[in-house]
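User: Hello! I am new to this one and would like to learn what stands behind the words used for it. Could you show it to me and take my questions?

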Amino acid sequence: MSKLPRSFYARAAEDVARDLLGKVLVRMFEGHMLRGRIVETESYTGESDPGSHAFRGPSPRNRVMFGEAGHLYVYLSYGMHSCMNVVTDSVGVAGAVLIRALEPLEGVAAMATLRGGRPFVELCNGPGKLCQAFAITRSQNGMDLESTEIWIEDDGWIPLEITCSTRIGLSAGTDLPLRFFLPDNIFVSKGKTSGG
DNA sequence: TGAATGATCACG
DNA sequence: GTGATCATTCAT
């Protein structure tokens, strides 16, 4: 049960995305401890990645992707949903890992309330859903994962198997196998699998 | 299958 | 300033 150090994040986004599978996101919210195991991620880089927000260089929105690793990058999608990324790579190099799905472990009642009473398996099986369940909005943008409000820890659990496939919901860069998930885990978001 | 809903970006 | 686009979710 150890909190991941900043050096864990200060690597290539693709490596961080793969290694985050099985780790546990922890969030303190109004006295509740919310915990969920990461079961699905996608990696995004910079100028070489047409699917990335940072593809066209720095802007006010993607600024944190170019900053120090181990911070949160949260943005609003489709005008109504927040999506949560973890910043990777070194300062000046754009990189981030989108957290797409979690397996709820602790604080499930609080998550269900935040999610409007949705069924258990639908609490965190999508990027917008898990942000709602963990009360993460753009006001958490730039937050440090070494803070006491939100962090990611390793509880020793190791995935049996990791599968990769192309990323979801993009109009560019869809040919790259940069989505990582645990096959057979029921909390992985719906959408395409690795061709099966 | 498509409605909801607003920030962001390119362009002028 | 305007218009197109979007790393989605939910109800039909």
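**Contacts with the DNA and places in the fold**

Analyst: A good place to start is G79, which has a polar backbone atom 3.3 Å from a base nitrogen of DNA strand B. Please keep in mind that this is a predicted model, where local features need pLDDT of at least 70, side-chain atom pairs count only at pLDDT 80 or more, and totals for chains, interfaces and linings use all residues. Residues are numbered from 1 along each chain as its sequence is written, chains are lettered from A and ligands numbered from 1 in the order in which they are written, and side-chain values use heavy atoms, with hydrogens and water left out.

User: What makes the approach of G79 to a base nitrogen of DNA strand B a polar contact?

Analyst: A polar contact is a pair of N or O atoms within 3.5 Å; within protein, one must be able to donate a hydrogen and the other to accept it, and residues adjacent in sequence count only if both atoms are side-chain atoms. The distance for G79 is 3.3 Å, so it falls within that limit. Y78 also has a backbone N or O atom 2.6 Å from a base oxygen of DNA strand B, and a polar side-chain atom of S59 is 2.4 Å from a phosphate oxygen of that strand.

User: Which residues are around DNA strand B, and what makes them count?

Analyst: They are R56, S59, R61, Y78, G79, M80 and R138. Each is counted because one of its heavy atoms lies within 4 Å of the strand. Of the strand's atoms that come within 4 Å of the protein, sugar and phosphate account for 59%.

User: How do you know which classes make up the surface near DNA strand B?

Analyst: Ala, Val, Leu, Ile, Met, Phe, Trp, Tyr, Cys and Pro count as nonpolar, Asp, Glu, Lys and Arg as charged, and the others, Gly among them, as polar. On that basis the surface has 2 nonpolar, 2 polar and 3 charged residues. For DNA strand C, the classes come to 8 nonpolar, 9 polar and 4 charged.

User: Which residues come nearest to DNA strand C?

Analyst: Of the 21 residues around it, Y75, N85, G128, G169 and S171 come nearest. The side chain of Y75 has an N or O atom 2.8 Å from a base nitrogen, while that of S171 has one 2.5 Å from a phosphate oxygen. R118 places a polar side-chain atom 3.0 Å from a phosphate oxygen of the strand too.

User: Why is C131 called buried?

Analyst: Buried means under 20% relative accessible area, exposed over 50%, and partly exposed in between (1.4 Å probe, protein chains only). C131 has 1%, so it is buried. Its place is in helix α4, where helices (H or I, at least four residues) and strands (E, at least two) are DSSP runs, numbered from the N terminus.

User: Is D89 buried or exposed, and what about E30?

Analyst: D89 has a relative accessible area of 15%, so it is buried. E30 has 67%, so it is exposed. D89 is found in the loop between β5 and β6, and E30 in the loop between β2 (24-29) and β3 (32-44). Phi of D89 is near 65 degrees, a positive value in a residue other than glycine; phi of E30 is near 50 degrees, again positive in a residue other than glycine.
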